[in-house]
Amino acid sequence: MSVFSILDQIGTCELHVLFDHATGLRAVVGLHDTRLGPAIGGTRMWQYGSDDEALLDVTRLARAMTAKAALAGLAHGGGKAIIWADPANPPSDRRVLFEAFGRFVDRLGGRYLTCEDSGTSTADMDIVRGVTPHVLGVSADRGGSGDPSPFTALGVRRGIEACAELVLGRASLAGLHVAVQGVGAVGRHLAHELAAAGCRLTITDVNRERATRVAEELGAAVVLPDEIFDVECDLFAPCALGGAVSDATVNRLRCRVVAGAANNQLASREIGRVLHARGIFYAPDYAINAGGLINVAEEFRGYDAERAREKTLAIRETIAEIARRSLRGDGPPAEIADHMVEDRLARAGAQPLPSTAAILASPASSRARGSAV
Ligand code: NAD
């Protein structure tokens, strides 16, 4: 597949490619849309099988970040970086590699802000911070925002509140039966949030010990991983890997709402239509799971946990708007969310862009970067 046919599938996307002989660093930055502001998105390190696989991954992920940032009301566009390497066996010393990567990011002049993703860590981002200010998700003593998962879980709980009110006609979460798939970093926090709000929980995890521990903490019922799709409940919350709702599982679901933290919950766009036809409301993952992104984006202007929390609480209104439109017959929720993204981008396109240079020169931003640069 040619580079341009890959880009043709994604829509507009700008690619920056680096092969650094000295370090063996092979990296690509994809900038999908910067109408709302500098692109934001993590750096994934992965041993790709081919150029196509790497380019498709970075462009698709960059596009998803545009949607997530736009729906979260952030003054950021969507971008993503990939480093083509085995995370357990990188081509050179991690410090050398991430310094080279940081210089690459720096040359983009602030149009792309990186942070961690699978295969990279806060420690890697601290190395990047040593050579460029255009990195978020650094450690707390460098102005970092810390673990994103409690914020992601908070946003999902708020989205579930909107679903309960508008789709299930309930004034509160008390008595709601929620089936949670995956009780790792986000799923466990979410289970705690829901239990505190009076929900009845059925949980599962491929890690049995983890499932048992969370069940004991909360008095939840536990089922085997494959049984979670058959649980008769009000709401199914996928918080494990992508593709939970697929051809194989969509007709097994016995809930009225799907709303969880996992990225790419629907195996395909068509699955969203099947859910819709079955009368199951799907809270689009990139709308409901933006709490972690909101939190890390706060570092850009000087991290303030309370402001991150306030913005995360607003996810309830985003999901409510999608639900209202879907319930009045505008179509499947993911398609409505896509229209909302397009509207926000089109409106931003008609306005002057916020100046990255001006934001970075602000006192709050300098404070956040002070210890590192
Ligand atoms: P995690 O690895 O900490 O937790 C995932 C859990 O799911 C693990 O306990 C794992 O054992 C379990 N699991 C995996 N496959 C399973 C299966 N088939 N059935 C049942 N359990 C299974 O990851 P996380 O950080 O909690 O993220 C969960 C999901 O949310 C991921 O899709 C991630 O991309 C997405 N997400 C996370 C954040 C965040 O802040 N961490 C933000 C946005 C989106």
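A polar contact here is a pair of N or O atoms within 3.5 Å. Keep that cut-off in mind for the ligand site in this predicted model.

**Around the ligand**

Let's start with the shell. It holds 20 residues, and the closest are Thr-152, Val-186, Asp-205, Arg-210 and Ala-240. By character, the shell splits into 10 nonpolar residues, eight polar ones and two charged ones.

Here are the polar pairs between ligand and protein:

| Ligand atom | Protein partner | Distance |
|---|---|---|
| oxygen | Asp-205, side-chain N or O atom | 2.5 Å |
| oxygen | Arg-210, side-chain N or O atom | 2.5 Å |
| nitrogen | Val-206, polar backbone atom | 3.3 Å |

So how much of the ligand does the protein bury? On its own the ligand exposes 820 Å², and the protein buries 72% of that. As for which elements give two or more residues to the shell, they are helix H5 (149–166) and helix H6 (185–196).

**A look at His-177**

Now over to strand E6, which covers residues 177–181 and includes His-177. Is His-177 buried or exposed? It counts as buried because its relative accessibility is 7%, and the cut-off for buried is under 20%.

The side chain of His-177 also has a polar partner: it pairs with the side chain of Thr-202 at 2.7 Å. Leaving out residues up to four places away in sequence, His-177 touches Arg-200, Leu-201 and Thr-202, along with Val-231, Glu-232, Cys-233, Asp-234 and Leu-235. Thr-202 thus appears both as a side-chain polar contact and in the list of residues that His-177 touches.

Note on methods. Residues are numbered from 1 along each chain as its sequence is written. This is a predicted model: local features need pLDDT of at least 70, side-chain atom pairs count only at pLDDT 80 or more; totals for chains, interfaces and linings use all residues. Side-chain values use heavy atoms; hydrogens and water are left out. A residue is near a molecule or strand if one of its heavy atoms lies within 4 Å of it. A polar contact is a pair of N or O atoms within 3.5 Å; within protein, one must be able to donate a hydrogen and the other to accept it, and residues adjacent in sequence count only if both atoms are side-chain atoms. Accessible areas come from the Shrake-Rupley method with a 1.4 Å probe; for residues, only the protein chains shown count as cover. Helices (H or I, at least four residues) and strands (E, at least two) are DSSP runs, numbered from the N terminus. Ala, Val, Leu, Ile, Met, Phe, Trp, Tyr, Cys and Pro count as nonpolar, Asp, Glu, Lys and Arg as charged, and the others, Gly among them, as polar. Buried means under 20% relative accessible area, exposed over 50%, partly exposed in between (1.4 Å probe, protein chains only). Contact means heavy atoms within 4.5 Å.
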